[in-house]
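Thanks for asking me to look this one over. Here are my notes, written to be read with the model open beside them.

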Amino acid sequence: MSWQAYVDTNLVGTKRVTEAAILGKAGGIWAKSPGIAISPEEQKAITAAFKNKDAVQASGFRVAGQKYFFLSSDTYGDHPDLVVVHGKKQADGAVLAQTKQAILVVTYTFPQTAQDAGLIVTNLGAYLASLNY
């Protein structure tokens, strides 16, 4: 499956997230939905969010020009390389998931929920982590 197919089918296609992108952990956008624009500065900051938890807890993070307040950061189960960060902006939010080589970025808007978006991102992240991505 292509990276774009993951965005179109496994993320945005679920209707549980509004926009999505897959970034390379080493840089660059591998795939994205049409409505999301992540600047090079935001890409660097998103990558840094997983390295400096204190900074992202204190100041949040930005996706497509929107600032999200940090809610949580967790590793998951059998995949110690899978780290998921949740952010919130009023009734909307964003979820970031880092695997060995990729970072999944999604935004959701009300009535979509943090629980649904988090589940979608975590499941795809776990799958990619199981494939050493």
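The points below go from the overall fold to the cores and then to a single residue.

1. A word on the source before anything else: this is a predicted model, and the values in this note are computed from it.

2. On the fold, the protein has four helices and seven strands. Reading from the N terminus, the order of elements is α-β-β-α-α-β-β-β-β-β-α.

3. On overall dimensions, the C-alpha trace spans about 35 × 30 × 30 Å along its principal axes. A compact globule of 133 residues would have a radius of gyration near 14 Å, and the protein, with 13 Å, agrees with that.

4. How much of the chain is buried? Of the 133 residues, 44% count as buried. The accessible surface comes to about 6,600 Å², and carbon and sulfur atoms hold 53% of that surface.

5. Contacts that span the sequence deserve a mention too. Among contacts with a separation of 6 or more, 45% are between residues 24 or more positions apart.

6. Now to the interior. The largest nonpolar core has 21 residues, and L11, V95, L104, V106 and V121 have the most contacts inside it. Two or more residues each come from α1 (3-11), β1 (19-24), β5 (79-89), β6 (92-98), β7 (102-108) and α4 (114-130). The largest share, six residues, is given by α4. As general background, nonpolar side chains in soluble globular proteins tend to be buried together.

7. L104 is a good residue to click on in this core. Not counting residues up to four places away in sequence, L104 touches A21, I22, V95, L96, A97, V121, L124, G125 and L128. Two of the partners in that list, V95 and V121, are also named with L104 among the residues with the most contacts inside the core.

8. Apart from this core lies another, of 18 residues. I36, V63, F70 and V85 are among its members.

9. Is T107 buried or exposed? T107 sits in strand β7, and its relative accessible area is 9%; buried means under 20%, so T107 counts as buried. Leaving aside neighbours within four places in sequence, T107 is in contact with V17, T18, E19, V63, Y68, G93 and A94. One of these partners, V63, is also a member of the 18-residue core.

10. Last, the charges. The protein has 12 positive and 10 negative charges, and their mean positions are 3 Å apart.

Conventions: Residues are numbered from 1 along each chain as its sequence is written. This is a predicted model: local features need pLDDT of at least 70, side-chain atom pairs count only at pLDDT 80 or more; totals for chains, interfaces and linings use all residues. Side-chain values use heavy atoms; hydrogens and water are left out. A nonpolar core is a set of buried Ala, Val, Leu, Ile, Met, Phe, Trp, Tyr and Cys residues joined through side-chain atoms within 4.5 Å. Buried means under 20% relative accessible area, exposed over 50%, partly exposed in between (1.4 Å probe, protein chains only). Contact means heavy atoms within 4.5 Å. The radius of gyration is taken over C-alpha atoms; the globule rule is 2.2 Å times the number of residues to the power 0.38. Accessible areas come from the Shrake-Rupley method with a 1.4 Å probe; for residues, only the protein chains shown count as cover. Lys and Arg count as positive and Asp and Glu as negative; His and the chain ends are not counted. The place of a charge is taken as NZ of Lys, CZ of Arg, CG of Asp or CD of Glu.
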